[in-house]
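Let us work through a protein model together, one question at a time. Please look at the sequence and the 3D view before reading on.

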Amino acid sequence: MKKAISPEAGREALRALLTEGSPLGPLKVMAKHVGRLFQIPMPFFHPYIVFGPEANRKVLVTERNKVLWRNTDPVTDLLDRGVLIVDGEEHDHYRKLMESSLHPSTLPGYTDMMIRHADRVTSEWRDGDLVDMLVESRKIALLIIMDALFSKDVWNDLPHIWTPILKAIEYISPGAWIIWRKIPRPGYRKPLRELDAYLFGIIEERRKEKEAKPDLLQHLMDAGLSDQVIRDQMLTMMIAGHDTSTALLAWVFALLGQHTDVHHRLVEEVNTLEKPLLLDQVIKETLRLYPPIHIGNRRVAEDMEFAEGTVPAGERMFYSIYLTHRDPSIWEDAESFCPARFAQGRKTPPFAYIPFGGGPRSCIGAAFGQAEARIIIAYLLKRFNFEFTGHRIHAHMGATLEPRPGVKMKVTRRISNNRK
Ligand code: HEM
(Lines give C-alpha, C1' and ligand atoms only; values in the text may rest on other atoms or scores of the structure.)
Protein backbone atom coordinates (compact mmCIF):
# COMPACT_ATOMS: atom_id res chain seq x y z
CA MET A 1 0.00 0.00 0.00
CA LYS A 2 1.61 3.24 -1.07
CA LYS A 3 -0.03 6.64 -0.96
CA ALA A 4 1.88 9.24 -2.95
CA ILE A 5 1.92 12.85 -1.88
CA SER A 6 1.37 15.67 -4.35
CA PRO A 7 4.21 18.02 -5.37
CA GLU A 8 2.37 20.80 -3.51
CA ALA A 9 2.34 18.74 -0.30
CA GLY A 10 6.01 17.95 -0.89
CA ARG A 11 6.81 21.66 -0.99
CA GLU A 12 4.75 22.23 2.15
CA ALA A 13 6.71 19.45 3.87
CA LEU A 14 9.99 21.08 2.91
CA ARG A 15 8.82 24.44 4.23
CA ALA A 16 7.76 22.75 7.49
CA LEU A 17 11.20 21.18 7.77
CA LEU A 18 12.81 24.59 7.48
CA THR A 19 10.48 26.44 9.83
CA GLU A 20 10.21 23.77 12.55
CA GLY A 21 13.83 22.71 12.28
CA SER A 22 13.01 19.01 12.61
CA PRO A 23 11.32 16.19 10.64
CA LEU A 24 8.26 16.56 12.90
CA GLY A 25 7.04 19.38 10.66
CA PRO A 26 7.04 17.25 7.48
CA LEU A 27 5.44 14.37 9.40
CA LYS A 28 2.52 16.61 10.30
CA VAL A 29 2.21 17.64 6.65
CA MET A 30 2.16 13.96 5.60
CA ALA A 31 -0.49 13.26 8.22
CA LYS A 32 -2.60 16.16 6.95
CA HIS A 33 -2.37 15.21 3.27
CA VAL A 34 -2.20 11.41 3.41
CA GLY A 35 -3.99 10.42 6.62
CA ARG A 36 -3.38 8.14 9.57
CA LEU A 37 -1.27 5.63 7.69
CA PHE A 38 1.61 6.54 5.40
CA GLN A 39 5.11 5.55 4.42
CA ILE A 40 8.14 7.76 4.80
CA PRO A 41 9.45 8.34 1.29
CA MET A 42 13.19 8.11 1.96
CA PRO A 43 15.74 6.14 -0.03
CA PHE A 44 16.50 2.79 1.66
CA PHE A 45 14.21 3.65 4.57
CA HIS A 46 10.46 3.67 4.18
CA PRO A 47 8.83 2.61 7.40
CA TYR A 48 5.11 2.89 7.88
CA ILE A 49 3.75 5.49 10.27
CA VAL A 50 0.37 4.89 11.88
CA PHE A 51 -1.40 7.04 14.44
CA GLY A 52 -4.78 7.80 15.99
CA PRO A 53 -6.90 5.84 18.49
CA GLU A 54 -7.72 2.90 16.19
CA ALA A 55 -4.09 2.21 15.24
CA ASN A 56 -2.79 2.78 18.78
CA ARG A 57 -5.29 0.34 20.23
CA LYS A 58 -4.38 -2.33 17.66
CA VAL A 59 -0.61 -1.92 17.98
CA LEU A 60 -0.61 -1.68 21.77
CA VAL A 61 -3.41 -4.01 22.78
CA THR A 62 -5.74 -5.91 20.49
CA GLU A 63 -3.24 -6.94 17.78
CA ARG A 64 0.02 -6.60 19.66
CA ASN A 65 0.83 -10.25 18.93
CA LYS A 66 1.28 -9.23 15.29
CA VAL A 67 4.22 -6.96 16.10
CA LEU A 68 7.68 -7.45 17.51
CA TRP A 69 9.59 -4.99 19.68
CA ARG A 70 12.98 -6.28 18.66
CA ASN A 71 14.62 -4.78 15.59
CA THR A 72 18.19 -4.81 14.40
CA ASP A 73 19.48 -1.33 15.02
CA PRO A 74 21.77 0.58 17.40
CA VAL A 75 19.17 0.30 20.18
CA THR A 76 19.42 -3.50 20.13
CA ASP A 77 23.22 -3.29 19.73
CA LEU A 78 23.44 -1.21 22.88
CA LEU A 79 20.71 -2.61 25.13
CA ASP A 80 20.93 -6.20 23.89
CA ARG A 81 18.55 -8.15 26.19
CA GLY A 82 17.08 -5.03 27.83
CA VAL A 83 13.41 -5.31 28.85
CA LEU A 84 12.47 -2.55 26.41
CA ILE A 85 13.45 -4.51 23.31
CA VAL A 86 12.91 -8.20 23.92
CA ASP A 87 9.76 -10.11 23.12
CA GLY A 88 7.62 -12.85 24.62
CA GLU A 89 8.42 -14.71 27.81
CA GLU A 90 11.87 -13.23 28.13
CA HIS A 91 10.30 -9.78 28.28
CA ASP A 92 7.62 -10.82 30.76
CA HIS A 93 10.22 -12.35 33.06
CA TYR A 94 12.36 -9.19 33.25
CA ARG A 95 9.35 -6.94 33.52
CA LYS A 96 7.95 -8.88 36.45
CA LEU A 97 11.27 -8.65 38.27
CA MET A 98 11.28 -4.89 37.92
CA GLU A 99 7.68 -3.94 38.55
CA SER A 100 7.76 -4.00 42.32
CA SER A 101 10.48 -1.29 42.54
CA LEU A 102 8.32 1.05 40.49
CA HIS A 103 4.92 0.19 41.85
CA PRO A 104 2.91 3.34 42.78
CA SER A 105 2.87 2.19 46.43
CA THR A 106 6.69 2.65 46.57
CA LEU A 107 6.59 6.26 45.40
CA PRO A 108 6.13 8.10 48.73
CA GLY A 109 9.36 6.43 49.86
CA TYR A 110 11.25 8.21 47.09
CA THR A 111 10.09 11.78 47.78
CA ASP A 112 12.81 12.86 50.23
CA MET A 113 15.50 11.34 48.08
CA MET A 114 14.23 13.24 45.02
CA ILE A 115 14.23 16.52 46.93
CA ARG A 116 17.71 15.87 48.30
CA HIS A 117 19.10 15.48 44.79
CA ALA A 118 17.34 18.59 43.52
CA ASP A 119 18.87 20.40 46.52
CA ARG A 120 22.37 19.29 45.62
CA VAL A 121 22.09 20.34 42.00
CA THR A 122 20.54 23.72 42.75
CA SER A 123 22.97 24.46 45.59
CA GLU A 124 25.47 25.17 42.82
CA TRP A 125 23.32 27.91 41.29
CA ARG A 126 24.18 31.51 42.11
CA ASP A 127 21.78 34.42 41.88
CA GLY A 128 21.70 35.77 38.35
CA ASP A 129 23.19 32.60 36.84
CA LEU A 130 22.04 31.61 33.40
CA VAL A 131 21.28 27.89 33.72
CA ASP A 132 20.29 25.47 30.99
CA MET A 133 17.28 23.56 32.26
CA LEU A 134 17.99 20.73 29.84
CA VAL A 135 21.34 20.13 31.50
CA GLU A 136 20.19 20.77 35.08
CA SER A 137 17.16 18.51 34.64
CA ARG A 138 19.41 15.73 33.38
CA LYS A 139 21.62 16.00 36.46
CA ILE A 140 18.63 15.79 38.78
CA ALA A 141 16.98 12.94 36.86
CA LEU A 142 20.21 10.92 36.70
CA LEU A 143 20.91 11.26 40.40
CA ILE A 144 17.34 10.21 41.15
CA ILE A 145 17.13 7.16 38.90
CA MET A 146 20.50 5.76 39.97
CA ASP A 147 19.62 6.19 43.62
CA ALA A 148 16.08 4.84 43.31
CA LEU A 149 16.89 1.70 41.33
CA PHE A 150 20.49 0.86 42.23
CA SER A 151 21.01 2.71 45.55
CA LYS A 152 23.96 4.36 43.84
CA ASP A 153 24.93 7.94 44.60
CA VAL A 154 26.47 9.19 41.35
CA TRP A 155 27.07 12.78 42.48
CA ASN A 156 30.86 12.49 42.61
CA ASP A 157 30.93 10.39 39.44
CA LEU A 158 28.90 12.81 37.32
CA PRO A 159 31.94 14.45 35.67
CA HIS A 160 33.24 11.01 34.75
CA ILE A 161 30.02 9.41 33.45
CA TRP A 162 28.38 12.47 31.86
CA THR A 163 30.01 12.18 28.43
CA PRO A 164 29.67 8.38 28.21
CA ILE A 165 25.95 8.70 28.99
CA LEU A 166 25.42 11.43 26.40
CA LYS A 167 27.34 9.35 23.90
CA ALA A 168 25.16 6.31 24.60
CA ILE A 169 22.06 8.44 24.02
CA GLU A 170 23.52 9.87 20.82
CA TYR A 171 24.39 6.34 19.68
CA ILE A 172 20.75 5.25 19.73
CA SER A 173 19.36 8.53 18.35
CA PRO A 174 18.21 8.63 14.73
CA GLY A 175 21.04 9.43 12.35
CA ALA A 176 22.57 8.50 9.01
CA TRP A 177 22.63 4.85 10.14
CA ILE A 178 18.89 4.76 9.44
CA ILE A 179 19.59 4.93 5.72
CA TRP A 180 22.91 3.13 5.75
CA ARG A 181 22.94 0.60 8.54
CA LYS A 182 26.65 -0.20 8.20
CA ILE A 183 27.86 3.41 8.14
CA PRO A 184 31.09 3.76 10.14
CA ARG A 185 30.38 5.32 13.53
CA PRO A 186 33.65 6.36 15.06
CA GLY A 187 33.94 7.90 18.51
CA TYR A 188 31.57 5.61 20.42
CA ARG A 189 33.60 2.57 21.37
CA LYS A 190 35.61 4.19 24.19
CA PRO A 191 32.73 6.00 25.98
CA LEU A 192 30.44 2.98 25.68
CA ARG A 193 33.16 0.78 27.17
CA GLU A 194 33.56 3.27 30.02
CA LEU A 195 29.85 3.19 30.69
CA ASP A 196 29.85 -0.61 30.74
CA ALA A 197 32.81 -0.64 33.12
CA TYR A 198 30.90 1.73 35.41
CA LEU A 199 27.79 -0.46 35.48
CA PHE A 200 29.76 -3.69 35.94
CA GLY A 201 31.57 -1.90 38.78
CA ILE A 202 28.24 -1.24 40.53
CA ILE A 203 27.28 -4.91 40.12
CA GLU A 204 30.63 -6.07 41.48
CA GLU A 205 30.44 -3.71 44.46
CA ARG A 206 26.99 -5.00 45.27
CA ARG A 207 28.00 -8.64 45.04
CA LYS A 208 30.61 -7.97 47.73
CA GLU A 209 28.15 -6.33 50.12
CA LYS A 210 27.02 -8.42 53.06
CA GLU A 211 23.58 -6.89 53.47
CA ALA A 212 20.93 -7.00 50.76
CA LYS A 213 19.37 -3.71 49.65
CA PRO A 214 15.68 -3.63 48.77
CA ASP A 215 16.13 -2.20 45.29
CA LEU A 216 15.78 -3.19 41.66
CA LEU A 217 19.41 -4.21 41.33
CA GLN A 218 18.94 -6.63 44.20
CA HIS A 219 15.86 -8.15 42.57
CA LEU A 220 17.82 -8.76 39.39
CA MET A 221 20.65 -10.39 41.29
CA ASP A 222 18.40 -12.51 43.46
CA ALA A 223 16.72 -13.81 40.29
CA GLY A 224 20.06 -15.30 39.25
CA LEU A 225 20.55 -13.24 36.08
CA SER A 226 24.05 -13.10 34.65
CA ASP A 227 26.06 -9.90 35.07
CA GLN A 228 25.70 -9.26 31.34
CA VAL A 229 21.89 -9.43 31.44
CA ILE A 230 21.83 -7.33 34.63
CA ARG A 231 23.97 -4.75 32.84
CA ASP A 232 21.45 -4.75 29.94
CA GLN A 233 18.56 -4.05 32.33
CA MET A 234 20.52 -1.41 34.23
CA LEU A 235 21.51 0.47 31.10
CA THR A 236 17.94 0.24 29.79
CA MET A 237 16.46 1.59 33.01
CA MET A 238 19.14 4.23 33.39
CA ILE A 239 18.50 5.63 29.91
CA ALA A 240 14.72 5.06 29.69
CA GLY A 241 14.29 6.29 33.26
CA HIS A 242 16.24 9.53 33.06
CA ASP A 243 16.35 10.76 29.46
CA THR A 244 12.54 10.87 29.36
CA SER A 245 12.24 12.74 32.67
CA THR A 246 14.97 15.12 31.55
CA ALA A 247 13.02 15.95 28.41
CA LEU A 248 9.75 16.35 30.31
CA LEU A 249 11.22 18.71 32.92
CA ALA A 250 13.06 20.75 30.31
CA TRP A 251 9.93 21.09 28.14
CA VAL A 252 7.88 22.19 31.13
CA PHE A 253 10.35 25.01 31.73
CA ALA A 254 10.45 25.86 28.02
CA LEU A 255 6.66 26.13 27.89
CA LEU A 256 6.44 28.08 31.14
CA GLY A 257 9.08 30.42 29.75
CA GLN A 258 7.00 30.92 26.62
CA HIS A 259 3.69 31.32 28.52
CA THR A 260 4.27 33.73 31.37
CA ASP A 261 0.59 33.84 32.38
CA VAL A 262 0.58 30.09 33.09
CA HIS A 263 3.99 30.37 34.74
CA HIS A 264 2.77 33.05 37.16
CA ARG A 265 -0.40 31.18 38.03
CA LEU A 266 1.55 28.00 38.64
CA VAL A 267 4.06 29.71 40.94
CA GLU A 268 1.13 31.16 42.86
CA GLU A 269 -0.48 27.72 43.18
CA VAL A 270 2.60 25.78 44.26
CA ASN A 271 3.18 28.39 46.94
CA THR A 272 -0.31 28.41 48.32
CA LEU A 273 -1.98 25.07 47.63
CA GLU A 274 -1.16 21.67 49.06
CA LYS A 275 -2.24 19.97 45.82
CA PRO A 276 -1.79 22.43 42.96
CA LEU A 277 -4.19 21.28 40.24
CA LEU A 278 -2.57 23.39 37.58
CA LEU A 279 0.73 21.57 38.06
CA ASP A 280 -0.80 18.30 36.97
CA GLN A 281 -2.45 19.97 34.00
CA VAL A 282 0.81 21.61 32.92
CA ILE A 283 2.64 18.28 33.08
CA LYS A 284 -0.10 16.52 31.09
CA GLU A 285 -0.26 19.23 28.46
CA THR A 286 3.53 19.25 28.13
CA LEU A 287 3.45 15.48 27.59
CA ARG A 288 0.78 15.99 24.94
CA LEU A 289 2.68 18.60 22.95
CA TYR A 290 6.16 17.16 23.46
CA PRO A 291 5.89 13.48 24.35
CA PRO A 292 9.49 12.52 25.25
CA ILE A 293 8.98 9.17 23.51
CA HIS A 294 7.26 10.45 20.40
CA ILE A 295 7.09 7.15 18.49
CA GLY A 296 7.03 3.45 19.26
CA ASN A 297 9.22 1.29 17.07
CA ARG A 298 7.89 -2.10 15.89
CA ARG A 299 8.50 -4.78 13.31
CA VAL A 300 5.37 -6.22 11.75
CA ALA A 301 5.29 -10.02 12.04
CA GLU A 302 1.87 -10.55 10.42
CA ASP A 303 -0.07 -8.30 8.02
CA MET A 304 -2.01 -5.63 9.88
CA GLU A 305 -5.23 -4.10 8.60
CA PHE A 306 -6.11 -0.53 9.50
CA ALA A 307 -9.03 1.61 8.39
CA GLU A 308 -6.70 3.36 5.94
CA GLY A 309 -4.83 0.35 4.58
CA THR A 310 -2.60 -2.64 5.26
CA VAL A 311 0.89 -2.79 6.68
CA PRO A 312 2.49 -5.96 5.32
CA ALA A 313 4.47 -8.44 7.41
CA GLY A 314 8.20 -7.81 7.52
CA GLU A 315 7.89 -3.99 7.46
CA ARG A 316 9.06 -1.59 10.08
CA MET A 317 6.24 0.40 11.61
CA PHE A 318 6.11 3.30 14.03
CA TYR A 319 3.03 4.26 15.98
CA SER A 320 3.24 8.01 16.39
CA ILE A 321 2.41 9.41 19.80
CA TYR A 322 3.31 12.88 18.56
CA LEU A 323 0.91 12.83 15.61
CA THR A 324 -1.86 11.34 17.76
CA HIS A 325 -1.40 14.13 20.29
CA ARG A 326 -1.55 16.81 17.60
CA ASP A 327 -4.41 15.41 15.55
CA PRO A 328 -6.82 18.32 14.98
CA SER A 329 -9.75 15.94 14.66
CA ILE A 330 -9.18 14.88 18.29
CA TRP A 331 -7.80 18.02 19.91
CA GLU A 332 -9.30 21.47 19.72
CA ASP A 333 -6.63 24.01 18.87
CA ALA A 334 -4.18 21.09 18.83
CA GLU A 335 -1.01 23.15 18.40
CA SER A 336 -1.67 25.45 21.38
CA PHE A 337 -0.39 25.06 24.92
CA CYS A 338 -3.59 24.90 26.90
CA PRO A 339 -3.26 23.10 30.29
CA ALA A 340 -6.98 23.67 31.00
CA ARG A 341 -7.87 20.97 28.49
CA PHE A 342 -6.82 18.55 31.24
CA ALA A 343 -8.98 20.16 33.90
CA GLN A 344 -10.77 17.67 36.11
CA GLY A 345 -13.91 16.23 34.64
CA ARG A 346 -12.77 16.65 31.04
CA LYS A 347 -12.27 13.37 29.23
CA THR A 348 -10.06 12.39 26.32
CA PRO A 349 -11.12 9.53 24.02
CA PRO A 350 -9.40 6.17 24.71
CA PHE A 351 -5.99 5.81 23.00
CA ALA A 352 -5.97 9.50 22.00
CA TYR A 353 -3.59 10.47 24.80
CA ILE A 354 -0.75 7.97 25.20
CA PRO A 355 2.45 9.64 26.49
CA PHE A 356 3.31 6.38 28.26
CA GLY A 357 2.20 4.03 25.50
CA GLY A 358 -0.50 1.56 26.46
CA GLY A 359 -1.43 -2.06 27.10
CA PRO A 360 0.75 -4.65 28.83
CA ARG A 361 3.95 -3.02 27.61
CA SER A 362 3.10 0.51 28.61
CA CYS A 363 5.78 2.45 30.45
CA ILE A 364 6.88 0.66 33.59
CA GLY A 365 8.00 3.98 35.09
CA ALA A 366 4.87 6.05 34.28
CA ALA A 367 3.83 6.63 37.89
CA PHE A 368 7.43 7.22 38.97
CA GLY A 369 8.08 9.69 36.14
CA GLN A 370 4.95 11.72 36.86
CA ALA A 371 5.54 11.80 40.61
CA GLU A 372 9.13 12.89 40.00
CA ALA A 373 8.01 15.68 37.67
CA ARG A 374 5.44 16.96 40.19
CA ILE A 375 7.93 16.94 43.07
CA ILE A 376 10.84 18.51 41.19
CA ILE A 377 8.84 21.21 39.42
CA ALA A 378 7.06 22.27 42.63
CA TYR A 379 10.36 22.22 44.48
CA LEU A 380 12.11 24.41 41.89
CA LEU A 381 9.28 26.90 41.45
CA LYS A 382 8.98 27.38 45.21
CA ARG A 383 12.66 28.17 45.62
CA PHE A 384 13.66 30.03 42.48
CA ASN A 385 12.49 32.68 40.10
CA PHE A 386 13.01 31.55 36.54
CA GLU A 387 13.32 34.12 33.79
CA PHE A 388 13.38 32.72 30.27
CA THR A 389 15.89 34.38 27.95
CA GLY A 390 13.47 34.11 25.03
CA HIS A 391 15.74 32.21 22.67
CA ARG A 392 14.41 30.02 19.86
CA ILE A 393 13.74 26.40 20.75
CA HIS A 394 13.06 23.53 18.39
CA ALA A 395 12.08 19.93 19.07
CA HIS A 396 15.06 17.72 18.38
CA MET A 397 14.41 14.06 17.54
CA GLY A 398 17.07 12.34 19.57
CA ALA A 399 16.50 9.24 21.67
CA THR A 400 13.76 11.43 23.15
CA LEU A 401 12.17 14.63 21.89
CA GLU A 402 14.37 17.32 23.37
CA PRO A 403 14.18 21.11 23.47
CA ARG A 404 17.26 22.27 21.59
CA PRO A 405 19.55 24.10 21.96
CA GLY A 406 18.43 23.82 25.59
CA VAL A 407 16.30 26.05 27.82
CA LYS A 408 18.35 28.96 29.10
CA MET A 409 16.88 30.65 32.15
CA LYS A 410 18.13 33.25 34.58
CA VAL A 411 17.66 32.03 38.12
CA THR A 412 17.39 33.89 41.40
CA ARG A 413 16.72 32.27 44.72
CA ARG A 414 13.44 33.05 46.48
CA ILE A 415 13.84 30.95 49.62
CA SER A 416 16.67 28.91 51.07
CA ASN A 417 17.17 25.26 50.15
CA ASN A 418 16.37 23.64 53.45
CA ARG A 419 12.70 24.65 53.56
CA LYS A 420 10.36 22.12 51.99
C1 HEM B 1 8.16 11.30 31.61
C2 HEM B 1 8.66 10.13 31.74
C3 HEM B 1 8.47 8.97 30.81
C4 HEM B 1 7.84 8.87 29.59
C5 HEM B 1 7.13 9.97 28.82
C6 HEM B 1 7.94 7.50 29.14
C7 HEM B 1 7.39 7.00 27.97
C8 HEM B 1 7.37 5.65 27.63
C9 HEM B 1 6.67 5.08 26.52
C10 HEM B 1 5.82 5.86 25.51
C11 HEM B 1 6.87 3.75 26.52
C12 HEM B 1 6.30 2.72 25.52
C13 HEM B 1 7.14 2.67 24.28
C14 HEM B 1 6.58 1.76 23.20
O15 HEM B 1 5.38 1.45 23.19
O16 HEM B 1 7.36 1.39 22.31
C17 HEM B 1 7.75 3.46 27.64
C18 HEM B 1 8.21 2.20 27.96
C19 HEM B 1 9.12 1.97 28.95
N20 HEM B 1 9.58 2.88 29.89
FE21 HEM B 1 9.05 4.80 30.05
N22 HEM B 1 8.65 6.81 30.08
C23 HEM B 1 8.98 7.66 31.11
C24 HEM B 1 9.64 7.34 32.27
C25 HEM B 1 10.20 6.13 32.54
C26 HEM B 1 10.90 5.79 33.76
C27 HEM B 1 11.07 6.74 34.95
C28 HEM B 1 11.33 4.50 33.62
C29 HEM B 1 12.11 3.64 34.57
C30 HEM B 1 12.26 3.89 35.81
C31 HEM B 1 10.89 4.03 32.32
C32 HEM B 1 11.15 2.78 31.79
C33 HEM B 1 10.48 2.26 30.70
C34 HEM B 1 10.63 0.86 30.27
C35 HEM B 1 11.55 -0.18 30.88
C36 HEM B 1 9.76 0.69 29.18
C37 HEM B 1 9.53 -0.62 28.40
C38 HEM B 1 8.39 -1.38 29.04
C39 HEM B 1 8.11 -2.71 28.39
O40 HEM B 1 8.39 -2.88 27.20
O41 HEM B 1 7.57 -3.58 29.08
N42 HEM B 1 10.20 5.05 31.70
N43 HEM B 1 8.02 4.62 28.31
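Q: In what order do the three strands of the open sheet lie?
A: This is a predicted model, and in it three strands form an open sheet with antiparallel pairing. The strands β4 (129-132) and β9 (384-388) each pair on one side only, so they are the edge strands. Reading across the sheet, the order is β4-β12-β9.

Q: Which residue in β12 is the bridge partner of F386?
A: Strand β9 runs antiparallel to β12 (residues 408-413), and five bridges join the two. Within β12, the residue that bridges to F386 is V411.

Q: Which helix packs on the sheet?
A: The helix in question spans residues 133-150 and touches β4, β9 and β12. Its direction makes about 65 degrees with that of β4. This helix is α7.

Q: Is D73 buried or exposed?
A: D73 is found in the loop between β3 (67-68) and α4 (74-79). A residue is called buried when its relative accessible area is under 20%. Because D73 has a relative accessibility of 4%, it counts as buried.

Q: The side chain of D73 reaches the backbone nitrogen of which residue?
A: Leaving aside residues up to four places away in sequence, D73 touches W177, R181, N297 and R316. The side chain of D73 also reaches a backbone nitrogen at 3.0 Å, and this nitrogen belongs to V75.

Technical notes. Residues are numbered from 1 along each chain as its sequence is written. This is a predicted model: local features need pLDDT of at least 70, side-chain atom pairs count only at pLDDT 80 or more; totals for chains, interfaces and linings use all residues. Side-chain values use heavy atoms; hydrogens and water are left out. Helices (H or I, at least four residues) and strands (E, at least two) are DSSP runs, numbered from the N terminus. Buried means under 20% relative accessible area, exposed over 50%, partly exposed in between (1.4 Å probe, protein chains only). A polar contact is a pair of N or O atoms within 3.5 Å; within protein, one must be able to donate a hydrogen and the other to accept it, and residues adjacent in sequence count only if both atoms are side-chain atoms. Contact means heavy atoms within 4.5 Å. Axes are lines fitted to C-alpha atoms, for helices over the stretch in contact, and angles run from 0 to 180 degrees between N-to-C directions.
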